[in-house]
Amino acid sequence: MGKGLVLPVAEKTTVSAATVDLSHLPRVKQEMVMPPMAPKHEQVATGGPKIVEVSFVTEERLMVVDEDTDAKIWALTYNGSVPGPMIIVHEGDYVELTISNPENSVFEHNIDFHASTGALGGGGLTHVLPGEEAVLRWKATKPGVFVYHCAPGGAMIPYHVCHGMNGAVMVLPRDGLKDGDGNALTYDQIAYIGEQDYYLPMDEDGEYIQYESAGEDYSDSLDAMRTLIPTHSVFNGAVGALTGENALKSKVGDTVLMIHAQANRDTRPHLIGGHGNFVWEGGSFTDSPQTGMETWFIRGGSAGAAMYTFEQPGVYAYVNHNLIEAVLLGASAHFVVEGEWDNDLMEQVVAPRPMGV
């Protein structure tokens, strides 16, 4: 298999049960898109449950984590991105995933859906060696936002997760999102943010070690990971992935649903200059959202959602409000918002000037 590495493998699951006849259900194919975008979907479901077909191809690729320091990683990915693409379905729908692992891969891969029920989240049924594919179908019974990630077994679980192999699923209620009083909540756009902690090995001079192929860093990475101190904590795979030319765009009056996933560590999202008007901190859409939040808490291994309607134009920084991680390690994104300024909400009464003037 690839380079011939000997990998610890989680026990594969085999099941013997009666086949479920779902031939009466319509099938739709959901085209995966690159984060921070979300696939096309209905906020309120039309008709009954569906089988939603999605495809993931594992890809082991060299990615630049920080151009300024030439930090790179052989990322392990679903469909080539960190995080992997978002899947969106409605409660009662079925997700039917085809996972393919190309022949030139080094590693075995699989997938654990936190939104699913049974067999290690599907991890026990989706082990694919290089050159193999598998098809997994699971029913979306719990509305909310959830993490998925690779979990081959043993030390390979954190190794794969900390090399980028994770993402998010959103299971919407069939009648859409609601506030605590049962009123409908709708959004104009989704910002899908995956926070990724990296542990890049360094040499004795403090320089990042460069590796020629995937898997070559395995032993060094485990040593770095055991410190529990990330070298980088970034949004969507790299420092600056969602700032500058890559900043998220919006307009005054637009409502944005921010989906934030962290497969490994706790995080504290905060929108500087804005708020979480409605926040599903634990990710469950069954629960009433919290309101008027300044900062919310996403537990490691989970995803959360926050909704905000922009009221002022300008650049908003969306950060992990552990500001050390935001400023020094890279966990920062920008929303560039167009529109008319409202002095009733904020006004610069006196511009900076010498004191006593």
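This is a dialogue on how to read some features of a predicted model.

Colleague: Where should I start with the sheets, and what is the order of the strands in the sheet of six?

Modeller: A sheet is read by listing its strands in the order in which they pair. Here six strands make an open sheet in the order β13-β12-β15-β19-β17-β18, and the pairing is mixed. At the edges stand β13 (232–235) and β18 (290–293), each of which pairs on one side only. From one strand to the next, the twist averages 25°.

Colleague: In which sense do β17 and β19 pair, parallel or antiparallel?

Modeller: Strand β17 (residues 276–280) and strand β19 (residues 302–309) pair in the antiparallel sense, over three bridges. To find the pairing in the structure, look at Phe278, whose bridge partner in β19 is Met307.

Colleague: Which strands make up the open sheet of four?

Modeller: Its order is β4-β9-β8-β6, again with mixed pairing. β4 and β6 are the edge strands with a single partner each, so one side of each has no neighbour in the sheet. β6 runs antiparallel to strand β8 (residues 144–149), and two bridges join them. Asp112 has His149 as its bridge partner in β8.

Colleague: How do I read burial for a whole strand, and how many residues of β5 are buried?

Modeller: Burial is judged residue by residue, with under 20% relative accessible area as the cut-off. In strand β5 (residues 94–101), seven of the eight residues are buried, so the strand is largely enclosed by the rest of the structure.

Colleague: Which strand pairs with β5 in the parallel sense, and which in the antiparallel sense?

Modeller: The parallel partner is β2, over seven bridges. Within that pairing, Val54 has Leu97 of β5 as its bridge partner. The antiparallel partner is β7, over eight bridges, and there Thr98 is matched with Val135 of β7.

Colleague: Now a single residue. Is Leu257 buried or exposed?

Modeller: Leu257 sits in strand β15 (residues 255–262). Its relative accessible area is 0%, so Leu257 counts as buried.

Colleague: What is Leu257 in contact with?

Modeller: Contacts are read after setting aside neighbours within four places in sequence. For Leu257 the remaining contacts include Met170, Leu177, Tyr187, Trp280 and Met307. A distance can also be set against a sequence gap: Leu257 and Thr186 are 71 residues apart in sequence, yet their C-alpha atoms are 8.7 Å apart in space.

Colleague: How many salt bridges does the structure hold?

Modeller: It holds ten. One of them joins Arg27 and Glu53, with the closest N and O atoms 2.8 Å apart. Arg27 lies in strand β1 and Glu53 in strand β2, so this pair ties together parts 26 residues apart in sequence. Arg27 is partly exposed at 44% relative accessibility, and Glu53 is partly exposed at 27%.

Colleague: What other residue meets Arg27 in a salt bridge?

Modeller: Glu96 does, with an N to O distance of 2.8 Å. This pair links strand β5, which holds Glu96, to strand β1, which holds Arg27, across 69 residues. Glu96 counts as buried because its relative accessibility is 14%. A network of salt bridges links Arg27, Glu53, Glu96 and Arg137.

Colleague: Which residues other than glycine have a positive phi?

Modeller: Asp70 is one of them, with a phi of about 60°, and Ala119 is another, with a phi near 50°. Asp70 is in the loop between β2 and β3, while Ala119 is in the loop between β6 (112–113) and β7 (132–139). Asp70 also forms a salt bridge with Lys72, at 2.3 Å from N to O.

Colleague: Where are the cis peptide bonds?

Modeller: The angle to check is omega. One cis bond joins Pro35 and Pro36, with omega about 10°, and another joins Val82 and Pro83, with omega about 0°. Pro36 lies in the loop between β1 (27–29) and β2 (51–66); Pro83 lies in the loop between β3 (71–78) and β4 (87–90).

Colleague: Last, the surface. Which residues form a nonpolar patch?

Modeller: Leu323, Ile324, Val327 and Leu328 do, and together they have about 430 Å² of accessible area. Leu323 belongs to helix α3 (residues 323–329) and is partly exposed at 41% relative accessibility.

Note on methods:
Residues numbered from 1 in each chain as written. Predicted model: local features only at pLDDT ≥ 70, side-chain atom pairs only at ≥ 80, totals over all residues. Heavy atoms only, no water. Patch = residues over 30% accessible without salt bridge, like charges linked within 9 Å, V, L, I, M, F, W, Y side chains within 5 Å. Areas by Shrake-Rupley, 256 points an atom, 1.4 Å probe, with all protein chains shown as cover. Salt bridge = Lys/Arg side-chain N within 4 Å of Asp/Glu carboxyl O. Buried < 20%, exposed > 50% of the residue type's maximum accessible area, 1.4 Å probe, protein only. Pairing = 2+ DSSP bridges. Axes fitted to C-alpha atoms, helices over the stretch in contact; angles between N-to-C directions. Contact = heavy atoms within 4.5 Å.
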